[in-house]
Structure formats: C-alpha cells, structure tokens
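This briefing is meant for a reader who is meeting the structure for the first time. Please keep the sequence and the model in view while reading the points that follow.

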Amino acid sequence: MARYGRKGTNRSLESLLDMDKSVQVAKNVVSQPTRKMIPGQGLEFNNLSYSVMKKQKKDGVWITKEAYLLNDISGQAMRGEVMAIMGPSGAGKSTFLDALAGRIAQGSLEGSVRIDGKPVTTSYMKMISSYVMQDDQLFPMLTVFETFMFAAEVRLPPSISSPEKKQRVIELLDQLGLQSATHTYIGDEGRRGVSGGERRRVSIGIDIIHKPSLLFLDEPTSGLDSTSAYSVVEKVKDIARSGSIVLMTIHQPSYRIQMLLDRITVLARGRLIYLGSPTALPAHLSGFGRPAPEGENNLEYLLDVIKEYDESTVGLDPLVLYQRDGIKPDQVARTPVPKPPKTPRTPYGKTPKHISLRSHQFSTGTRTPRGDSGQSDYNDDDDDDYDFDNSLERKPAQTPMHMQSAVYNPRLASHFYKDFSVWLYHGVRGTPRRPPSWTPARTPGRTPGKTPIAGARSHFSSRYPTPQQTTSRTKTPVVFSPSSESYAPSYEDLDMEDVLDEPEHRHKFANPWLREVAVLSWRTALNVVRTPELFLSREIVLAVMALILSSLFKNLHEADFKTINRLLNFYIFAVCLVFFSSNDAVPTFIQERFIFIRETSHNAYRASSYVISSLIVYLPFFAVQGFTFAAITKYILHLRGSIIYFWLILYASLITTNAYVMLVSALVPSYITGYAIVIATTALFFLTCGFFLKRTQIPIYWRWLHYISAIKYPFEALLTNEFKGNGTCYNGLASDLAPGPLGKVELSQLHKNNLKPNCTLIGEDILTTMDIQIENIWYDIAILLAWGVLYRLFFYVVLRFYSKNERK
C-alpha cells in the first residue's frame with residue numbers, strides 16, 4: 001500500500017485511531033454490486049495458497065526462500081456455468097487450475113476445496129473430474145471415431161454394452177460438431193489430419209466421454225484462430241449447460257468469447273484481483289476509480305491497470321484490497337508512481353541489514369517503519385522479489401492503519417495453526433512452516449480463544465454476516481461482498497464433517513484388468529500396423545544387414561583357425577546389431593508417455609495393463625525380426641549351430657533390449673538424453689561382455705559389470721550353439737589366432753580326455769578359452785529373459801509412481 005510508515009504522519013494516524021471507526025469505514029468502503037454465492041453448492045475454494053522453495057542471489061549470496069505462486073484465493077464455481085481463469089503471463093493461472101484439480105502434491109498446498117459443501121480427497125476429485133491439457137496429445141493414426149471409441153472402452157464400465165458405447169460416441173460427435181471429421185485421421189506434423197480446432201475438440205471429447213461432474217481445461221483456445229477458439233468455447237459452454245462445473249484458463253479472449261463466460265477470475269502474481277461476471281467488470285473498475293475509456297475492452301483495460309500497479313511503488317495491494325474488502329484506494333494509490341530503476345543496495349547508515357516482514361511477524365511482533373524510507377518494509381522487500389520467477393514471497397495486503405483497531409495485537413502462530421482451514425483434500429498432514437496470515441479468525445464465534453479484531457474488519461463482516469452467523473448455513477443464500485469471507489468453517493468443524501472420498505467397495509477403475517489389456521493391445525496393434533516405420537524400418541535394417549554380413553563373412557563352415565576368429569567377430573556384431581536396432585523405441589515411447597499420463601491421471605486404466613499390452617503386441621514383431629536375421633545368415637554362411645536356438649537367442653535379445661530402452665525412455669525428459677544413455681550403457685555392456693576383456697581380465701572392482709551386461713548372455717549362448725558338440729576339429733597356424741579375441745588357447749577337459757590325432761582344437765576348447773563357465777543355451781536364455789522381466793518391472797514402477805501428472 002501507499003506509504004503508511006512515514007514519521008511525519010505518525011501523530012495524525014494515532015489521532016485517527018481514536019476517532020469513531022464507523023465514520024472511517026464509510027469514507028473508505030465503497031458500495032459495489034454484490035455477488036450472490038450459495039454456500040454448500042458447486043465447487044468452493046477457500047484460502048488456497050501454494051509455495052515453492054527457490055534459490056535467489058541476494059547481495060552476492062545464494063539464499064533459499066519460500067515463494068508463493070498462489071496467495072489466499074477464495075471463491076466459488078457453480079454447476080452449469082463456465083468459470084474462466086485469466087491474468088497476465090506468470091499470474092498463476094495454470095497453477096490455480098492444478099490446485100483445484102488435485103494435481104499439486106499433498107503437503108505443498110494450503111487451503112480447502114469443497115464440492116457441495118463437503119471437503120474432498122484427491123482420489124474423489126479424480127473420480128468425478130477430467131483435466132484437458134494444453135497440448136493435444138493424441139495418436140495420429142487413429143480416426144476421430146476410433147479415438148472416441150477407445151476412450152469409451154476404457155472409461156465406461158462393461159455394464160454398458162458396445163452398441164450403447166457406440167451411441168454415446170455418435171452423440172458426442174454431434175455435441176462437439178465433429179460429424180464431418182468422424183473418419184478422418186487425427187494426423188500430425190507429417191500426416192494430414194483434422195484441423196487445429198477439431199483436434200482441440202477431440203481432446204475435450206475423450207475426457208468427457210464418461211460425463212464428468214467437473215471439467216478442467218488448460219488454455220483450450222491456445223494456438224487457434226478466432227473462429228476456432230470461439231467454436232471450442234461454445235462447445236465448452238454446451239458441456240456446462242448439461243450440468244457440469246467447467247473451469248478453464250484462457251489468455252486474452254475475444255469479446256465474443258467473454259460473453260460466453262459466466263464468471264471470470266483474474267489473477268496477478270498468484271493474488272486474486274477480480275472474481276465475478278464479465279458484465280459486472282465495468283462497475284468494478286468504476287468503483288475502483290479507474291473506469292475503462294469508452295470503446296475499450298474492459299478486460300484488456302484491467303490487465304493494463306494490473307501491469308501499471310505491478311510496476312509501481314504501491315504494488316498490487318490496492319487492487320487486492322478493493323476486491324477483497326471493497327476498500328477504495330486513496331488519491332495516491334489511484335495514480336501509482338512507477339518504480340525507480342534498480343540500484344545496488346547499501347545499508348542505511350549504521351542500521352543492520354533489512355529483515356523481511358515475515359521475520360518481524362515472528363520475532364518482534366510489531367511493525368517498525370524505517371525512519372528514512374518513504375516506503376513500508378513490504379514495498380522495499382518486494383523490489384528484490386520482482387524478478388523472482390514471476391512469484392513473490394507471501395506478503396499480506398496491508399489494510400491502512402486507520403482501518404485497524406487502536407491496539408495492534410499480533411496473532412500467535414498457535415492461533416493460526418489451530419484456526420487455519422484444512423489442508424487440501426487430506427487434511428493437515430503436518431505443521432505448516434508458513435508464517436501466520438494477515439487474515440483474522442474466520443469463525444470468531446465458533447473458535448475457542450479467538451477474539452474478533454475490532455475496526456473495519458469486524459464492522460464490515462457485521463454488514464455481511466458469515467455463514468456461521470446465519471441460522472441456516474447451507475440453505476439460505478448469503479450475499480457476499482467481494483471479500484473472501486466465504487463459507488470457511490473452523491478446523492473443529494471440519495473434523496466433524498464427512499469428507500467425500502471414493503467408496504471403499506467401489507472399483508478404482510471402470511474395467512477389469514484383462515479387459516484393459518485387451519483394449520490397449522488392440523489400440524497399440526492398430527497404431528503399429530498403421531505406422532509401419534515403427535517396426536518395418538527395423539525389419540528392413542536387420543534384413544539388409546544380414547545380407548551385408550553374409551557377403552562380408554564368407555564360408556564360416558570351414559574348420560580352420562581363421563574361421564574361429566571370423567565366427568567370434570560375426571556373433572558379437574550380430575548381438576550388438578540387435579541391441580542398437582532397438583534404439584528407435586526411445587522417441588516412440590517419449591511421445592506416447594504424455595498420452596499415458598493424461599489418460600491415467602483420472603484412472604482410465606492401470607499402469608500394469610499398459611506395460612503388459614505393449615509387450616503382447618510387440619512379441620510377434622520381435623519374433624519375425626529375429627527369424628529374418630537368423631534365417632538369412634544361417635543358410636548363406638552355413639553356420640553349424642541350430643537355427644531354432646539361433647532364432648530364440650535373437651528373439652530373447654530383442655525382448656530384453658526393448659524392455660531396457662522403454663525403461664530409459666520412462667526416466668529421461670527428452671529423446672536426446674535417452675539416446676545418449678542407451679548408447680553409453682550399451683557400449684559399456686559391449687566392453688564387458690567377454691569379447692574384448694574376458695571375465696578374469698576385468699579388474700575385480702569392475703567385474704560386476706560383466707554379470708549385469710545384457711550382451712554377455714546372448715553372446716555366450718550363440719557361441720555355445722555354434723561350438724558345443726559339433727565334433728569339428730579346427731586346425732591351422734597359431735599365428736592365425738593371435739590377432740583375435742581368443743588369446744592364449746586353453747584345451748577343454750573333453751579334449752584332454754579324448755585326444756585325437758591331427759586335431760588341434762575342438763569346439764569346447766573355444767568355449768573354455770573364452771572363459772564361458774556354464775555351457776548351457778537355456779541357462780543363458782533364461783538369464784537374458786530374467787533381465788527383460790526386471791527391466792519391465794522397473795518400467796512399471798516408474799510409470800506407476802514416477803509419471804504423475806501433478807506438481808511437487
């Protein structure tokens with residue numbers, strides 16, 4: 001607020017404190033168009049605050065401080081209405097929407113959310129609501145009708161028959177105006193598909209197929225032209241009229257779109273600036289003393305006023321106070337002065353370094369204005385936070401001193417904790433670390449030990465009684481001022497209330513596990529078939545590389561020492577080719593991960609269903625790819641090993657490496673990072689598999705890498721398939737083995753016991769020299785598949801617990 005802390009004004013302020021408070025209230029409180037709110041109906045939110053710990057460089061030192069992205073926001077959204085959340089960039093629109101939708105981690109959010117007068121849990125919110133993200137994450141090779149049908153299959157219970165689901169989809173297509181695009185592919189950058197507006201309506205449709213009670217939309221008109229944006233909001237309005245509560249964030253809506261909205265909530269730096277009807281905004285601006293010029297859009301003018309105040313010395317306090325209490329700004333606040341350019345901070349004489357207002361509240365309990373400063377501590381400290389990532393430290397909007405009681409009684413932290421609203425959805429999980437709010441006790445008549453603060457606040461609330469002061473709290477409509485003094489019972493009341501949660505015996509998901517697997521498997525298979533580059537490209541690569549290798553490694557059936565080295569080189573390259581060919585799954589899943597997060601955020605299906613369905617669909621493709629490579633090389637190179645074992649080893653390798661790549665893709669934020677990790681770890685597996693360095697040659701502190709190498713087991717299995725029990729004698733010059741990986745040749749026990757004339761080496765000697773301890777193909781395949789199962793299990797854990805659609 002304006003400069004209430006000057007020395008020259010202290011005496012006049014003290015004399016004002018002795019005057020009749022009602023006279024002062026009448027001078028500073030203006031009558032505004034009242035807003036009727038009905039406690040106990042719709043979606044009510046009270047005192048929502050959300051903070052994060054961020055680092056800031058202050059006076060050359062990095063400090064960690066708490067920055068509030070939302071600051072004491074209260075209001076109500078009714079059924080059958082559309083509430084739009086607006087504000088300048090960085091105002092906290094998406095954060096506020098996430099807070100209402102239960103997408104902020106528990107413990108980092110303060111306040112309460114109620115539906116029809118009762119507190120709710122996050123699981124209940126997920127059960128009855130849907131959230132449409134800003135980005136349209138859809139499968140490009142599905143048609144609009146197929147997209148809706150798959151959504152119906154996973155969102156609607158099996159008690160609804162297939163013809164009924166199809167009828168619901170047809171009705172939805174008609175409701176969203178998508179009849180002409182029914183059999184059009186969604187498309188993407190490389191494939192022609194539906195238009196931008198149609199794509200956005202498809203995103204909305206898949207989230208309302210089950211007719212949720214609440215619908216949250218994040219920037220539904222982003223990136224659309226004026227006509228498409230209007231069409232989208234018009235359809236959203238129709239959804240609200242069907243009985244849903246609709247809340248959406250929107251940036252710079254046109255006048256036509258504004259007229260479709262029932263309520264607008266304007267935020268700035270996480271603080272509530274306006275909450276009401278778009279048609280009431282001109283009266284609000286006029287009452288504030290800043291009427292919009294004739295012919296100018298009222299909402300755009302309000303955003304200009306917000307920017308003007310945000311960049312001024314008084315800050316946003318006058319706007320917040322007027323919205324909350326109806327306090328009309330004085331002449332100084334009505335004409336804000338821009339902030340002076342920032343200069344390096346220097347201590348004021350011998351005074352100690354400035355301490356923020358939060359510290360004063362805890363340590364001194366009084367507000368001591370700085371003698372030489374023309375501003376209060378709040379405004380001076382706010383300069384430091386101005387560029388703090390569009391957020392600010394929680395600073396109460398200060399009520400002018402002549403509006404307060406004659407005696408300043410600091411509220412104790414214990415009072416604050418006892419009287420603070422229940423934490424969002426799950427009640428108080430621990431003692432908040434925040435300082436006490438400026439807000440007096442919301443329910444002085446019900447909370448023991450609370451004394452109503454005299455002055456303007458108590459006088460103001462007496463004019464507009466709180467729900468606790470009325471005889472019928474939930475039935476009688478209560479007329480509220482723009483204050484946030486809304487339906488907010490004390491903590492004792494909340495303990496006695498029923499909290500809306502999922503029924504204990506209700507299934508969390510609409511469909512049983514097996515049905516989810518079947519539906520997801522069919523959708524994945526359809527996408528794979530219509531996106532041939534996913535596996536056809538790998539099939540072509542393996543086939544072409546098999547032909548190239550066959551032309552490079554000729555006559556591998558010969559029994560000389562040179563052939564041994566060439567066989568070893570061929571098999572290690574074959575295994576590495578299989579592993580590196582699976583890297584194309586990195587960007588594929590990263591793109592699909594956003595769809596998975598969107599669909600599972602409201603319990604469309606289980607994470608385990610997704611993991612198993614993807615594996616089931618990929619298995620036949622892996623089998624074809626493995627057999628293609630094995631058949632070509634086996635018969636061109638005349639390999640001695642069994643083709644069945646050769647194929648099984650490659651098949652198991654493809655399964656395992658795909659599981660590993662999927663795990664990495666689930667952990668990394670981008671496909672570039674995924675590629676780097678997959679290539680680096682595969683190279684490490686390659687180095688320690690036993691081809692370059694045998695097990696005994698690896699330093700003992702790195703030897704564990706040999707056992708976790710996913711390349712070790714298929715390589716050893718291929719050598720066992722080629723050399724064990726084939727009865728072949730290998731002869732030649734010792735110099736032919738020198739440049740290869742064998743090194744010093746060791747005879748196997750079988751060769752020692754059955755020495756044959758003119759037989760220098762047998763197949764078992766090769767296995768012994770390569771330090772293969774267990775010469776069993778099935779053992780290696782089992783270990784390889786065990787690693788694949790472990791990777792899939794970790795993949796499931798990451799999807800289940802890490803890929804959450806919520807803020808921390």
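**A buried strand and an exposed helix residue**

In this predicted model, the side chains of strand E5 are divided between two directions, with Leu-109, Gly-111, Val-113 and Ile-115 pointing one way and Glu-110, Ser-112 and Arg-114 pointing the other way, and all of them are buried. Because seven of the seven residues of E5, which spans residues 109-115, are buried, the strand is largely enclosed by the rest of the structure.

**Strand partners of E5**

- Strand E2, made of residues 43-58, pairs with E5 in the antiparallel sense, and six bridges connect the two.
- Glu-110 in E5 has Ser-49 standing opposite.
- Strand E6, residues 118-119, also runs antiparallel to E5, and two bridges join this pair.
- Ile-115, one of the buried residues of E5, has Lys-118 in E6 as its bridge partner.

**The turn between E5 and E6**

- E5 and E6 form a hairpin with two residues between the strands, and in this hairpin Asp-116 takes a positive phi near 55 degrees.

**A nonpolar surface patch**

- Leu-536, Ile-540, Val-544, Ile-548 and Leu-552 together make a nonpolar patch of about 450 Å² on the surface.
- Leu-552, a member of this patch, lies in helix H20, which covers residues 536-552.
- Leu-552 has a relative accessible area of 61%, and since exposed means over 50%, this residue counts as exposed.

How values were computed. Residues numbered from 1 in each chain as written. Predicted model: local features only at pLDDT ≥ 70, side-chain atom pairs only at ≥ 80, totals over all residues. Heavy atoms only, no water. Buried < 20%, exposed > 50% of the residue type's maximum accessible area, 1.4 Å probe, protein only. Helix = DSSP H or I, 4+ residues; strand = E, 2+ residues; numbered from the N terminus. Pairing = 2+ DSSP bridges. Patch = residues over 30% accessible without salt bridge, like charges linked within 9 Å, V, L, I, M, F, W, Y side chains within 5 Å. Areas by Shrake-Rupley, 256 points an atom, 1.4 Å probe, with all protein chains shown as cover. Salt bridge = Lys/Arg side-chain N within 4 Å of Asp/Glu carboxyl O.
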